[in-house]
Amino acid sequence: MRPDYLAIDDLCGTDARMRDLLSRGKRFVDRGLPVLILGETGTGKEFLARALHEYSERRAQAFVAINTASLPEHLVESELFGYQRGAFSGALPGGMKGKLQQADGGTLFLDEIGDMPYALQTRLLRVLSEREVTPLGASRPVPVNVQLICATHQDLASAVAEGTFREDLYYRIAVGVLTLPTLRERDDKRELIARMLCDEWPGLRADQALARLSPDAVACLLAHAWPGNLRQMRAALRYACAVMSGHMLAMDDLPPELVMPTPVRRSDRNVAMHERDVRDAVASLPVAPPIDTGAQTSPNDGERDRILQALAQHRWNISAAARTLGFCRASLYRKLKQLRIPHVRDCGDVLSAGHFA
């Protein structure tokens, strides 16, 4: 592996959620299951994919990564499946092996699979089902055996519901699902800071690296929200190490966006006001009386408030709210129906009418 990629046991410190995730990831690749890595941008999806490959029995074979979002649509098919000599005008004289054939016996990592063109999803599904690929211009399929790891920052379940991602492909790749936590949710930020500083200051132990941070700099780093996650933290520390003039890394050495409070943009303020209005509108909607089953029942106000708070926290992202509440998506939808909570998209008429002005 390249020096900046880590072994799987080095991807976290004492964070219990990450340790459980890595343990499950090991079991998935031990059984050869397709792995789907979900998480915000910058949470380390490719780091995890490479670490799983290096842990697996396929470590001596190729790790082939392809970002399906970065390739022009007309090149994705030839990149994935390859082509025979003379398959099209401008083809290489000897043809070309596609990424699937290059990864034969090893690991194929499809990054940003949520952005894969819909038409290509059908061909990929057939490859995964039949374990063979037919290059462009070829008359016979070629058998392939790969460990498939996919990653995306998108909500694929919602994409399936919207019809932009094939449901059968989703269930084919989402066998072992690993959802990386955001940096703001992790409990091992201090250890991550120390490890990144050790990369910048070779030869120092973690405790020695932390000792070269001023207390206010440590407090600032731990308190920051890190919307760019691990990628943003690494960039911030590299910047600070480059500009520091003394032996200690001080508060003034950190990037300005970490030290100075971020001004609230007008668009953000409007979004926040709209979310507040929607939340108030939903919370104020009358709850229909329960069906009389012979026993006296009353709405569970505590559970209703807890669900509304989770939905507001995640901007009505059903999947994220369900994870916070400990439900699956289907269970949360049932709860919404049971507690007579309409979806936020159904509150537009209420808000536009100024009912809660």
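## A first look at the pockets, sheet and helices

The largest pocket holds about 960 Å³ of space. Welcome to this structure, which is a predicted model. Alongside that pocket, the tour below takes in an open sheet of 5 strands and the crossing of helices α8 and α10.

**The largest pocket**
- Its lining is made up of 30 residues, and those nearest the centre are Thr179, Asn317, Ser319, Ala320 and Arg323.
- Two or more lining residues come from each of β1 (35-38), α6 (156-162), β9 and α15 (318-325).
- The most come from α15, which gives 5 residues.
- Sorted by class, the lining has 12 nonpolar, 11 polar and 7 charged residues.

**The second largest pocket**
- This pocket has a volume of about 570 Å³.
- It is lined by 25 residues, with Gly42, Thr43, Gly44, Phe47 and Leu230 closest to its centre.
- Here α2 gives the most to the lining, with 4 residues.
- The lining has 10 nonpolar, 5 polar and 10 charged residues.

**The sheet**
- Its strands run in the order β2-β5-β8-β1-β9 and pair in parallel.
- β2 (63-67) and β9 (176-179) are the edge strands, each with a single partner, so one side of each has no neighbour in the sheet.
- From one strand to the next, the twist averages 15°.
- Strands β5 (107-111) and β8 (147-152) are joined over 5 bridges, and Asp111 has Ala151 in β8 as its bridge partner.

**Helices α8 and α10**
- The axes of α8 (189-200) and α10 (215-223) come within 10 Å and cross at roughly 115°, and the crossing is right-handed.
- Lys189, Arg190 and Ile193 of α8 meet Val218, Leu221 and Leu222 of α10.
- This contact has 4 nonpolar, no polar and 2 charged residues.

How values were computed: Residues are numbered from 1 along each chain as its sequence is written. This is a predicted model: local features need pLDDT of at least 70, side-chain atom pairs count only at pLDDT 80 or more; totals for chains, interfaces and linings use all residues. Side-chain values use heavy atoms; hydrogens and water are left out. Axes are lines fitted to C-alpha atoms, for helices over the stretch in contact, and angles run from 0 to 180 degrees between N-to-C directions. A crossing is left-handed if the near helix is turned anticlockwise from the far one by less than a right angle, and right-handed if clockwise. Contact means heavy atoms within 4.5 Å. Ala, Val, Leu, Ile, Met, Phe, Trp, Tyr, Cys and Pro count as nonpolar, Asp, Glu, Lys and Arg as charged, and the others, Gly among them, as polar. Two strands pair if DSSP finds at least two bridges between them. On a 1 Å grid over the protein atoms alone, a cavity is a set of points where a 1.4 Å probe fits but cannot get out, and a pocket is an open set with protein on both sides within 12 Å along at least five of seven lines; lining residues have an atom within 4 Å of a point. Grid points are joined across faces, edges and corners, and a volume is the space filled by probe spheres set on the points.
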